[in-house]
Amino acid sequence: MNVGVLTGGGDCPGLNAVIRAITYKGINHYNYNIYGIYEGWKGLLNGGRVAPLTIEDVHEILGRGGTILKTSRTNPFNIKDGLKKVRKNIEKYRFDAVIAVGGEDTLGVAAKLSQAGVHIVGVPKTIDNDVSGTDQTFGFDTAVQIATDAIDRVRSTAEAHNRVVLVEVMGRHAGWIAVKSGIAGGAHMILVPEYPVDIDKVVTSIVKRHARGEEFSVIVVAEGVKLLNEKGRGVAMAQDNKKDAFGHVRLGGIAYALSLAIEERTGFECRNVILGHIQRGGTPTAYDRVLSTRYGIRAIELVHKKQYGKMTALRGNKIVATPLVDAMKNVKTVDKEFYKIAEVFFG
Ligand code: F6P
């Protein structure tokens with residue numbers, strides 16, 4: 001069997017651990033040929049790069065951040081004859097199956113290709129943890145730990161200066177990183193994309209808190225937070241109007257906008273910190289290394305059993321297989337019940 005592996009979308013800690021697990025199990029256990037498809041779906045379009053993967057290529061990559069296969073936000077369905085080109089290249093390389101490691105965009109493409117008859121297995125990655133059908137994506141645990149460490153550090157300087165500090169974390173559609181790192185870091189307020197923000201309410205809560213004698217505040221804000229405008233509509237903060245191949249604008253700056261608004265209305269000195277790609281870089285936590293390894297092993301097992309059109313998923317403490325098409329129906333967002341736990345500590 002010839003199996004191609006690709007990593008697409010934003011990178012995240014644990015990608016190399018998945019590649020390593022697929023390669024070890026594929027070669028040593030099944031005697032397969034494993035191929036790396038470079039730069040996500042771009043590798044299966046004309047001019048893309050594909051090369052065999054050996055045990056030597058992967059044996060020391062478990063704890064390495066990024067992805068040895070590189071990544072891109074390429075959408076074959078946005079390119080003329082993209083599906084045809086992908087099929088042609090799969091035939092050219094004689095792939096019996098492709099394992100796609102990605103988030104909602106990469107796996108969305110995988111689901112469509114699978115419906116078109118391509119033999120695909122998916123592995124859910126993203127620091128945002130917004131893929132449905134699984135309890136957790138790999139990369140998320142590492143991002144939450146990085147954000148929690150940052151909040152802990154910001155807290156002491158905020159306290160020393162009697163400031164309001166806003167920490168902006170990633171999370172386009174879902175506020176999982178914000179809510180988990182915010183709870184872990186004891187944030188005084190956590191703002192997430194799921195619940196549009198009324199700036200007046202934020203100000204009232206901060207003023208109340210400071211009136212009680214608490215002289216500093218730490219607010220965690222997900223980058224995708226929407227501010228309510230005068231018409232009552234939630235509007236996200238984009239850096240510019242440019243969109244990527246999946247139609248997403250580049251987010252960022254909500255913490256800065258909020259810090260200006262809070263300082264103006266309260267007179268409290270405000271600062272903002274954008275954690276950005278620091279959350280996606282570097283070595284995965286032990287939890288993510290193990291989860292990624294389990295996902296990789298399960299993915300190649302699914303290929304072996306010809307269970308195409310499936311995605312590996314964590315349910316409780318088991319790794320299961322779930323239909324890709326089902327997992328792509330919705331984005332997994334922060335539910336009210338979970339957010340209520342965070343709200344207990346607001347203000
Ligand atoms: O991978 C998801 C994500 O981390 C989002 O939270 C964020 O909006 C986006 O990637 C940033 O992507 P890029 O690397 O293209 O700036």
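**A ligand between two domains**

1. A good place to start is Asp128: an N or O atom in the Asp128 side chain is 2.9 Å from an oxygen atom of the ligand. Please keep in mind while looking around that this is a predicted model.

2. Two more residues approach ligand oxygen atoms. Gly171 does so through its backbone, with an N or O atom 3.4 Å from a ligand oxygen. Arg172 uses its side chain instead, where a polar atom lies 3.5 Å from an oxygen atom of the ligand. On its own the ligand would expose 400 Å², and the protein buries 79% of that area.

3. Which residues surround the ligand? Besides Asp128, Gly171 and Arg172, the shell holds Gly10, Arg73, Ile127, Met170, Glu223, His277 and Arg280. By character, five residues of this shell are charged, three are polar and two are nonpolar.

4. If you are browsing the pockets, the largest one is the space that the ligand takes.

5. It helps to step back to the whole chain now. The domain assignment splits the protein chain into domain 1, made of 2-139 + 284-328, and domain 2, covering 141-281. Between the C-alpha centres of domain 1 and domain 2 there are 32 Å. Where the domains touch, domain 1 supplies 21 residues to the contact and domain 2 supplies 18.

6. Why is the ligand said to lie between the domains? Both domain 1 and domain 2 give residues to the shell around the ligand, so the ligand lies between them.

Notes:
Residues are numbered from 1 along each chain as its sequence is written. This is a predicted model: local features need pLDDT of at least 70, side-chain atom pairs count only at pLDDT 80 or more; totals for chains, interfaces and linings use all residues. Side-chain values use heavy atoms; hydrogens and water are left out. A residue is near a molecule or strand if one of its heavy atoms lies within 4 Å of it. A polar contact is a pair of N or O atoms within 3.5 Å; within protein, one must be able to donate a hydrogen and the other to accept it, and residues adjacent in sequence count only if both atoms are side-chain atoms. Accessible areas come from the Shrake-Rupley method with a 1.4 Å probe; for residues, only the protein chains shown count as cover. On a 1 Å grid over the protein atoms alone, a cavity is a set of points where a 1.4 Å probe fits but cannot get out, and a pocket is an open set with protein on both sides within 12 Å along at least five of seven lines; lining residues have an atom within 4 Å of a point. A molecule sits in a cavity or pocket if more than half of its atoms lie within 2 Å of its grid points. Ala, Val, Leu, Ile, Met, Phe, Trp, Tyr, Cys and Pro count as nonpolar, Asp, Glu, Lys and Arg as charged, and the others, Gly among them, as polar. Domain bounds come from an automatic or database domain assignment. Contact means heavy atoms within 4.5 Å.
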